Amino acid sequence: MTLEKNKVVNIENKSSDVVWHQASVSHEQRKAASGHFSAVLWFTGLSGSGKSTIANAVDKMLHDLGCRTYVLDGDNVRHGLNGDLSFSNLDRIENIRRIGEVSKLFVDAGLLVSTAFISPFIQDRESVRALLKSHQFIEIYIDTPIEVCEQRDPKGLYKKARAGEIGHFTGIDSTYEQPLKPELCVKTAEYSVEACALQVVNYLKDNGYLNIK
Ligand code: ADP
């Protein structure tokens, strides 16, 4: 079952009886306990561009620095929370909407959360940005040419897409809209995994994310 067969989720339909419950531990207190600012590191790019690889390398570096972190990975989330969604455009939109909401909860909890989703549409990424304060959304474009992604083909998906076994494949028969003004642009075809991850960690350091004192 996919959502498309039913309806697009409209959060404006939520009941007026649903009231926000004020938490007894504030975001400021959670941030203070973490010892650093919280934010979403939103990795976007083609399949095989290196989102998961770089997100996990960054996560390891931040964890080793004593930060509270987590990674939300596209493939993993599609096993559970978003297991009911297909790769149609409407379901892709709903996929990103849910991840945005979950990321917001992680940010509220005081974490640096990395998300690794193709997230092909500008409007969807901007909708997530709009859920958060400006410094809490860091868009990281994993800018890898499609020829390199296809050559890597870590999951054999390009091969299947070219053979017509997978439809709606981003970069082949589904659009990828490049970020217009990402906070960071990472070139994995030119630099090593470690250098790319360091670029992200250094951005956080240089912009004061890692120390709230
Ligand atoms: P995505 O999450 O974007 O689909 P993955 O991280 O799953 O991409 O796959 C990227 C593949 O490219 C991995 O097999 C990784 O080892 C390889 N790779 C080679 N060089 C790099 C690099 N500099 N940065 C990131 N990935 C790289």
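In which loop does S119 lie? In this predicted model, S119 belongs to the loop between β3 (112–116) and α5, and that placement is a useful point from which to enter the structure, although the overall chain should be described before its details.

The secondary structure of the protein chain comes to 8 helices and 5 strands, and, read from the N terminus on, these elements follow the order α-β-α-β-α-α-β-α-β-α-α-β-α. The C-alpha atoms of the chain fill a box of roughly 55 × 50 × 30 Å when this is taken along the principal axes. A compact globule with 213 residues would have a radius of gyration near 17 Å, and because the protein chain has 18 Å, the two values agree. Of the 213 residues, 43% count as buried. Among contacts between residues at least 6 apart in sequence, 75% join residues at least 24 apart.

One of the helix pairs joins elements from separate parts of the sequence, namely helix α2 (residues 51–64) and helix α8 (residues 193–206), whose axes come within 9 Å and cross at roughly 55°. An angle of that value falls outside the ranges that count as roughly parallel, antiparallel or perpendicular, and α2 is therefore oblique to α8. The crossing of these two helices is right-handed. On the α2 side, the residues that meet α8 are T53, I54, A57, V58, M61 and L62, and on the α8 side their partners are V193, E194, C196, A197, L198, V200, V201 and L204. Sorted by class, this contact of α2 with α8 has 12 nonpolar, 1 polar and 1 charged residues.

A second pair is formed by helix α4 (residues 89–108) and helix α5 (residues 122–131), which pack at an angle of about 20° with their axes 9 Å apart. Angles under 35 degrees count as roughly parallel, so α4 is described as roughly parallel to α5. This crossing, too, is right-handed. From α4 the contact takes I93, I96, G100, E101 and K104, while α5 contributes D124, V128 and L131. The residues of the contact of α4 with α5 divide into 4 nonpolar, 1 polar and 3 charged.

Helix α4 also holds E94, and here the reader may ask whether this residue is buried or exposed. Because buried means under 20% relative accessible area, E94, at 5% relative accessibility, counts as buried. E94 and N82 are 12 residues apart in sequence, and their C-alpha atoms are 8.8 Å apart in space.

The loops bring the account back to S119 and to a point of backbone geometry. Most residues other than glycine have a negative phi. S119, however, has a positive phi of about 40° although it is not a glycine. With a relative accessible area of 3%, S119 is buried, and its position is in the loop that runs between β3 and α5.

Which residue of the loop between α7 (157–162) and β5 (184–186) can be set beside S119? H168 lies in that loop, and H168 likewise has a positive phi, of about 55°, although it is not a glycine. At 44% relative accessibility, H168 counts as partly exposed, whereas S119 counts as buried.

Notes:
Residues are numbered from 1 along each chain as its sequence is written. This is a predicted model: local features need pLDDT of at least 70, side-chain atom pairs count only at pLDDT 80 or more; totals for chains, interfaces and linings use all residues. Side-chain values use heavy atoms; hydrogens and water are left out. Axes are lines fitted to C-alpha atoms, for helices over the stretch in contact, and angles run from 0 to 180 degrees between N-to-C directions. Helices (H or I, at least four residues) and strands (E, at least two) are DSSP runs, numbered from the N terminus. Angles under 35 degrees count as roughly parallel, over 145 as roughly antiparallel, 65 to 115 as roughly perpendicular and the rest as oblique. A crossing is left-handed if the near helix is turned anticlockwise from the far one by less than a right angle, and right-handed if clockwise. Contact means heavy atoms within 4.5 Å. Ala, Val, Leu, Ile, Met, Phe, Trp, Tyr, Cys and Pro count as nonpolar, Asp, Glu, Lys and Arg as charged, and the others, Gly among them, as polar. The radius of gyration is taken over C-alpha atoms; the globule rule is 2.2 Å times the number of residues to the power 0.38. Buried means under 20% relative accessible area, exposed over 50%, partly exposed in between (1.4 Å probe, protein chains only).
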